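Q: Please take a close look at one part of this predicted model, the largest nonpolar core. Which residues have the most contacts inside it, and which elements give two or more residues to it?

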Amino acid sequence: MRAPMEREYERVVKTSPNEPLAELAACLSRLPGVGSRSAERMALKLAREPDGLLKRLAAALKSVGETVRCCTRCGSLTSAGQEPCRLCTDPGRDGAVVCVVEDPNDIPTIEKSGGFRGRYHALMGRISAMQGTGPEDLEIRKLLKRIEEEGFREVILALNTNTESDATAAMLARLLAARNVRVTRLAFGLPAGSGIAYVDPVTLERAIRGRQPLA
Ligand SMILES: [Zn+2]
């Protein structure tokens, strides 16, 4: 049994020449976490409010398209006309260390921690058999070129903690082993303010393996 909104979408699209609505739904369905049914509901919702949400969304899309860019060097978001981005060009940052992340969204999170003041590089994903992503789909060639050109002495792998990210980290470590660069990965530890009793077994096992000497 289809939901009323879905039935309405099909009725509207089938009974009138509504290619714009179908095109809108097709575009929305390409966004992360949005399936085709959700995209159809969103498209219909927008079509119902042409003077409200639709206009605001159109203006926001135009503005983002004109003013926001991806840094051609590291992949983080920057303003039009500010390429490479400030993180790549700030002379006050440590140019000898590069922090490699999967997603550019991880960069502001690490920046907020205040624990890193070097350069960044976003891989734009991780190796994933499920999603058909291989090493050639990631920004690895660009990373190797940057290591050569910018002379990084350390590469910090700030990847996520799952089997695909582990495989990506292992592949990068193998690839970088022959180069004159130190390769490190973020420590796996206990969450701040948490007790041993509340930590899941995988985190605890990794924390034991990653223990630090105190004396
Ligand atoms: Zn940059």
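**The core and its surroundings**

A: Start at the edge of the picture, with a pair of strands. In strand S6, arginine 182 is the bridge partner of glutamate 154. S5 and S6 (residues 182-185) pair over 4 bridges, in the parallel sense. Helix H8 joins the picture too: S5, H8 and S6 form a β-α-β unit, and this unit is right-handed.

Now to the core itself. The largest nonpolar core has 24 residues. Cys74, Val100, Tyr120, Val155 and Leu157 have the most contacts inside it. Several elements give two or more residues to this core. The helices are H5 (86-89), H7 (140-150) and H8 (163-177). The strands are S3 (94-101), S4 (118-122) and S5 (154-157). S3 supplies the largest share, with 4 residues.

Zoom in on valine 100. Set aside its neighbours within four places in sequence. Valine 100 is then in contact with His121, Leu123 and Leu143. Its other contacts are Val155, Ile156, Leu157 and Ala158. As a general rule, nonpolar side chains tend to be buried together in soluble globular proteins.

There is also a second, separate core. It has 5 residues, including Ala25, Met42, Ala43 and Leu46.

Finally, step back to the whole chain. The domain assignment gives domain 1 as 4-48 and domain 2 as 92-188. The C-alpha centres of domain 1 and domain 2 are 38 Å apart.

Note on methods:
Residues numbered from 1 in each chain as written. Predicted model: local features only at pLDDT ≥ 70, side-chain atom pairs only at ≥ 80, totals over all residues. Core = buried A, V, L, I, M, F, W, Y, C linked by C-beta atoms within 7 Å. Buried ≥ 20, exposed ≤ 12 C-beta atoms within 10 Å, placed from the backbone. Contact = placed C-beta atoms within 7 Å. Pairing = 2+ DSSP bridges. Right-handed = clockwise from strand over helix to strand, strands pointing away. Domains from an automatic or database assignment.
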